[in-house]
Amino acid sequence: MRAVLVNAFGETPRIADVPEPVCPPRGAVIRVRATGVCRSDWHAWMGHDDTVALPHVPGHEFAGEIAALGSEVPAEAGWRVGDRVTAPFICACGRCPECLAGNEQVCDAQSQPGFTRWGSFAELVVVDEAARNLIRLPDSLGFVEAASLGCRFATAYRAIVSRSRLAPGEQIAVHGCGGVGLSAIMIAVAAGVTVYGVDVSDAALEAAEQLGAVPVRGGEGAAERIVAASGGGVDVSFDAYGSAATALDSVRSLKKRGRHVQIGLMFGDNALAAMPMDAVIAGELEILGSHGMAAHEYPSMLGAVASGDFRPVELVGRTIALDEVPAALAAMGTAGGAGSGMTVVEL
């Protein structure tokens, strides 16, 4: 099969012919029809994630059709070759204490396409534990739109709906208006709350404003601008970018008893970002993490998309071919190089 192959971290990947994957006994092989290009893929390519081993095929947001099912996938699971599916970027084992408690997104024995195993920048990708992790796509949902849900939109949905405990009448700030940030803005605006979209990019701010957010210039002084605009600070603030600076700005944007939700991944020095714990204590602030979404939580999100409550396809800035992925990955490391909105590969 054709795939985007990384042979050295940070060096331009190449399109290569690689062996087709072997279907695990309890897993499935998916024929990829669309796959998103996410900043997490850039982190994997750059070697920031120590779960990635070379040579490697990135990619973790995908939608497609079942090409093969393992011999141990139970018939009662109801899956057949040809079914249209997606999967969470965290494939849960289904047996550990976290999975048994319903918290598959923090599974103790998780696998992640594009990180712990080869991913979806290829014609075929493996999903472990198919009965647990495959998600059926509504007939009305196209592959490109479904691929845009896989990581960024699903992560934002759970962060907004579940982790943040967002309530009517609250105000929120979203720091970083890329794919996951714009997803969070779309979901929060649909919930009827006031949203401040924060970024240093004019294009990103314009995209946030088009979705209904109040644009706020990022960088030095961003937290102060949000506090002033919101009349004393927001109830919930999300770092959707993932850096020491944006995380700090997010916490400093909060009113007393506010909640900070960390969505953007933090690697290297950013992983040990300093926090203003004096303000956390004095203001009784909450600092929360949010890591993807379990397969059993997808039906409510897919139902909302199918009914038109959200239109994540509007967040897709462009579609590209598999041959264009190496350049798209490299562009994510340059200021404004990724453009606004999501990039999705059509196969």
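R165 is placed in the loop that connects helix 4 to strand 8; helices (H or I, at least four residues) and strands (E, at least two) are DSSP runs, numbered from the N terminus. The phi angle of R165 is near 55°, a positive value in a residue that is not glycine. The model is predicted, so local features need pLDDT of at least 70 and side-chain atom pairs count only at pLDDT 80 or more, while totals for chains, interfaces and linings use all residues. Residues are numbered from 1 along each chain as its sequence is written, and side-chain values use heavy atoms, with hydrogens and water left out.

A positive phi of about 50° also occurs at E284, likewise not a glycine. The table sets out the two residues; partly exposed denotes a relative accessible area between the limits for buried (under 20%) and exposed (over 50%), with a 1.4 Å probe and protein chains only.

| Residue | Loop | Phi | Relative accessible area |
|---|---|---|---|
| R165 | helix 4 to strand 8 | near 55° | 43%, partly exposed |
| E284 | helix 9 (277-282) to strand 13 | about 50° | 47%, partly exposed |

A further backbone feature is the cis peptide bond from L54 to P55, with omega near -10°. P55 belongs to the loop between helix 1 (39-46) and strand 4 (61-69).

The domain assignment, whose bounds come from an automatic or database source, divides the chain into domain 1 (2-137 + 311-346) and domain 2 (154-289). Their centres, taken over C-alpha atoms, are separated by 27 Å. Domain 1 brings 14 residues to the contact and domain 2 brings 12 residues, where contact means heavy atoms within 4.5 Å. About 1,000 Å² is buried between domain 1 and domain 2, and carbon and sulfur atoms give 68% of this area. Buried area is the accessible area (1.4 Å probe) that two parts lose on being put together, summed over both.

An open sheet of six strands follows the order 10-9-8-11-12-13, with parallel pairing. Two strands are counted as paired if DSSP finds at least two bridges between them. At the edges stand strand 10 (214-217) and strand 13 (286-289), each pairing on one side only. On average, neighbouring strands of this sheet are turned by 20° against each other, direction ignored; the axes are lines fitted to C-alpha atoms, and angles run from 0 to 180 degrees between N-to-C directions. Strand 11 (residues 234-239) and strand 12 (residues 254-262) run parallel and are joined by five bridges, with L254 as the bridge partner of V234.

Elsewhere, strand 3 (residues 28-37) runs antiparallel to strand 6, and four bridges join them. R31 has L124 of strand 6 as its bridge partner. Both faces of strand 6 (residues 124-127) are covered, since L124 and V126 on one side and V125 and V127 on the other are all buried.

The largest nonpolar core has 52 residues, of which F153, I172, I185 and F238 touch the most other members. Such a core is a set of buried Ala, Val, Leu, Ile, Met, Phe, Trp, Tyr and Cys residues joined through side-chain atoms within 4.5 Å. Helix 4 gives the largest share of this core, 11 residues. Both domain 1 and domain 2 give residues to this core, so it lies between them. Not counting residues up to four places away in sequence, F238 touches several residues, including A159, I172, V174 and V261. Another core, of 23 residues, lies apart and has V6, V57, I320 and A328 among its members.
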